[in-house]
Amino acid sequence: MLGILAALPEEITELLAEMGPTATVRRLGMRDYHVGVLRGQPCVLALTRIGKVAAAATTAMLLHEFRVRAVVFTGVAGGIHEQVQVGDVVIGDTLLQHDLDARPLFARYEVPMLGRTHFSTEAALTELLAHCAEDFLSAYAHGRAVAPAVRRGPIATGDCFVGDLATLTRLRAELPDALCVEMEGAAVAQVCHEFGVPCAVLRTVSDRADNSATVDFRRFLQEVASVYSAGILRRFLQALPPPAN
Ligand code: ADE
């Protein structure tokens, strides 16, 4: 089975609707795990809610209770790299917690007892997601003035919504390679690492993590987030090899 996670309902409404009547629901630890078939692939869909603790708890339960061969996280993010624009898609190759700092006991960003700062996504899943995102965007952007781009690179996760210039400037200086900020990805990637399950993270850029981030985020979430997630993940599910029985 494939695990599909998102933080907010708006990020996954279309896929949930598509699973529709075939789905059964298991409620565990205040989360609904929707088990069903999407585009021929057995899937479990769940909403993590917002933040690292919520995402880690949902992922741990998912991996403990369901036979999941890989996890894909989908949602929106604030673009922090100068080249990342609203409407672009970021596919994470590594994830790090930008607000983790246990110095002087451990190095900055290092996850205590794991001896690492970054968690990598799985190369083949990431490659396939990027390909599907390119394919979706070329259909979506047809006739639009500005064509969104697909970017692959580091994602920074933390327990805060970044929506002011001071924080944005600091994050850019501290993590010059990071493409976007969000609030769950590194937690999901860490739990997947601990369970030995491959993962991939897909983020659509809803805002630029600046002073207008809150307004842009809300509008994007209502109008486009679900369309992007569904458009890319439908292609992804169809391209995955059929499940082995
Ligand atoms: N998710 C979407 N936009 C975000 C932002 N600006 N900061 C953190 N998480 C986000």
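Visitor: What comes right after helix 5, and what is its phi like?
Guide: That's Gly196, and its phi is positive, near 70°. Keep in mind that we're looking at a predicted model.

Visitor: Why is helix 5 called mostly covered?
Guide: Buried means under 20% relative accessible area. Eight of the eleven residues in helix 5, which spans 185–195, are buried, so "mostly covered" fits.

Visitor: Which residues of helix 5 are the buried ones?
Guide: Gly185, Ala186, Ala187, Val188, Ala189, Gln190, Val191 and Cys192.

Visitor: On to the ligand. What makes the pair between Asp207 and the ligand a polar contact?
Guide: The cut-off is 3.5 Å between N or O atoms. An N or O atom in the Asp207 side chain sits 2.6 Å from a ligand nitrogen, so the pair qualifies. As for cover, the ligand on its own exposes 260 Å², and the protein buries 96% of that.

Visitor: How do you know that the backbones of Val162 and Gly78 make polar contacts with the ligand too?
Guide: Same test, with 3.5 Å as the limit. A polar backbone atom of Val162 is 2.8 Å from a nitrogen of the ligand, and for a backbone N or O atom of Gly78 the distance to a ligand nitrogen is 3.2 Å. Both therefore pass.

Visitor: Which strand gives the most to the shell around the ligand?
Guide: Strand 5, with three residues. Strand 9 (180–182) and strand 10 (199–207) each supply at least two.

Visitor: How do the shell residues divide by character?
Guide: Nine are nonpolar, two polar and two charged. Asp counts as charged, so Asp207, one of the closest residues, belongs to the charged group.

Notes
Residues numbered from 1 in each chain as written. Predicted model: local features only at pLDDT ≥ 70, side-chain atom pairs only at ≥ 80, totals over all residues. Heavy atoms only, no water. Near = heavy atom within 4 Å. Polar contact = N/O pair within 3.5 Å; in protein donor to acceptor, adjacent residues only side chain to side chain. Areas by Shrake-Rupley, 256 points an atom, 1.4 Å probe, with all protein chains shown as cover. Helix = DSSP H or I, 4+ residues; strand = E, 2+ residues; numbered from the N terminus. Buried < 20%, exposed > 50% of the residue type's maximum accessible area, 1.4 Å probe, protein only.
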